[in-house]
Amino acid sequence: HADHSRVSPAVWSGCFTALVLLSVPLAYALPVPVLASGLVMKGAVLCVAPVADLWNRVPVSRRALGALGLCLAGLLLALGGLPGRVPALGWVVYAAYVLGYLGRFRAMRGQAKSLSFFATEHLVTSCVALVMLILATPFSADLRTGWALLGRGDLWLVGFLSNAAGLTGGWLLLTRKECSWTVPLNRAGAVVAAVVVVFWAGGVPTVGQWLGLGAVLGAVWTLR
């Protein structure tokens, strides 16, 4: 039967995760390069990882701090030289994304590898996000257009892959390790994916992006 002692933190975590879920597509819809938005958000979450540990009164190992520094340096290197200025709305969206993760880190504390917590969190996330979308639909022509595209198979595939990434990343965050250890490992794939996206779009990664990739791989090696 369900472990009711864990329902309340899971519900809070689900609500905060809904902020993350909705802010990501909003960020990618901004007049800012997708790569830039992705790296800004990942880097910001890396910065709040130690804050979450301090909030949860969790000691942070030197290895975790070293990996955190390498991963953050990698993101900054990869971000360097990318075009585009972030509008005011963009910073609001980025703040919602970071707030969502900070609240999630707080709620996850002490829930290591709890399947009941994980299942409840994702159920609440889906329900809260769906309700928020429905309530916002009358005020957004883009959302109304989006509902009309539900029959497109490629969008279902993108949604499935996005959810799979969220599930695996969330499961990693539920370890007993401090956030300063789990977050760099969770975010490391962002820089790797960013370089792949550049190749996929027919471009060539900059020197900064290659250096960033090297720094992130170094962070993963540090956490082995």
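Me: Which residues does Arg 104 touch, not counting those up to four places away in sequence?

Reply: In this predicted model, Arg 104 touches Ser 13, Phe 16, Thr 17, Glu 121, His 122, Gly 170 and Leu 173. Arg 104 itself lies in helix H4, residues 88–108.

Me: Why is Arg 104 called buried?

Reply: Its relative accessible area is 3%. Buried means under 20%. The value for Arg 104 falls under that cut-off, so the residue is buried.

Me: What makes the pairing of Arg 104 and Thr 17 a polar contact?

Reply: The side chains of Arg 104 and Thr 17 are joined at 3.2 Å. The cut-off for a pair of N or O atoms is 3.5 Å, with one able to donate a hydrogen and the other to accept it. The distance is within the limit, so the pair counts.

Me: Why is Leu 77 called partly exposed?

Reply: Leu 77 has 36% relative accessibility. Partly exposed runs between the buried limit of 20% and the exposed limit of 50%. The value sits in between, therefore the label holds. Leu 77 belongs to helix H3, residues 62–79.

Me: Where is Gly 208 relative to Leu 77?

Reply: Their C-alpha atoms are separated by 4.8 Å. Along the chain, the two residues are 131 residues apart.

Me: What share of contacts in the protein chain comes from residues 24 or more positions apart?

Reply: They account for 80% of the contacts with a separation of 6 or more.

Me: What is the pattern of the protein chain along the sequence?

Reply: It reads α-α-α-α-α-α-α-α-α. That is nine helices and zero strands. Of the 224 residues, 38% are buried.

Me: What makes the nonpolar surface patch, and where is Leu 150?

Reply: Leu 130, Ile 134, Trp 147, Leu 150 and Trp 156 make a patch of about 530 Å². Leu 150 is in the loop between helix H6 (141–147) and helix H7 (153–173). Its relative accessible area is 46%. Patch residues need over 30%, so Leu 150 meets that accessibility condition. The protein chain exposes about 12,400 Å², with 73% supplied by carbon and sulfur atoms.

Me: How many disulfides does a search of the whole structure find?

Reply: Zero. A disulfide needs two cysteine sulfur atoms within 2.5 Å. The search finds zero disulfides, so no cysteine pair meets that limit.

Me: Why are Cys 15 and Cys 127 called partly exposed?

Reply: Cys 15 has 31% relative accessibility. Cys 127 has 43%. Both values lie between 20% and 50%, so both residues are partly exposed.

Methods: Residues numbered from 1 in each chain as written. Predicted model: local features only at pLDDT ≥ 70, side-chain atom pairs only at ≥ 80, totals over all residues. Heavy atoms only, no water. Buried < 20%, exposed > 50% of the residue type's maximum accessible area, 1.4 Å probe, protein only. Helix = DSSP H or I, 4+ residues; strand = E, 2+ residues; numbered from the N terminus. Contact = heavy atoms within 4.5 Å. Areas by Shrake-Rupley, 256 points an atom, 1.4 Å probe, with all protein chains shown as cover. Patch = residues over 30% accessible without salt bridge, like charges linked within 9 Å, V, L, I, M, F, W, Y side chains within 5 Å. Salt bridge = Lys/Arg side-chain N within 4 Å of Asp/Glu carboxyl O.
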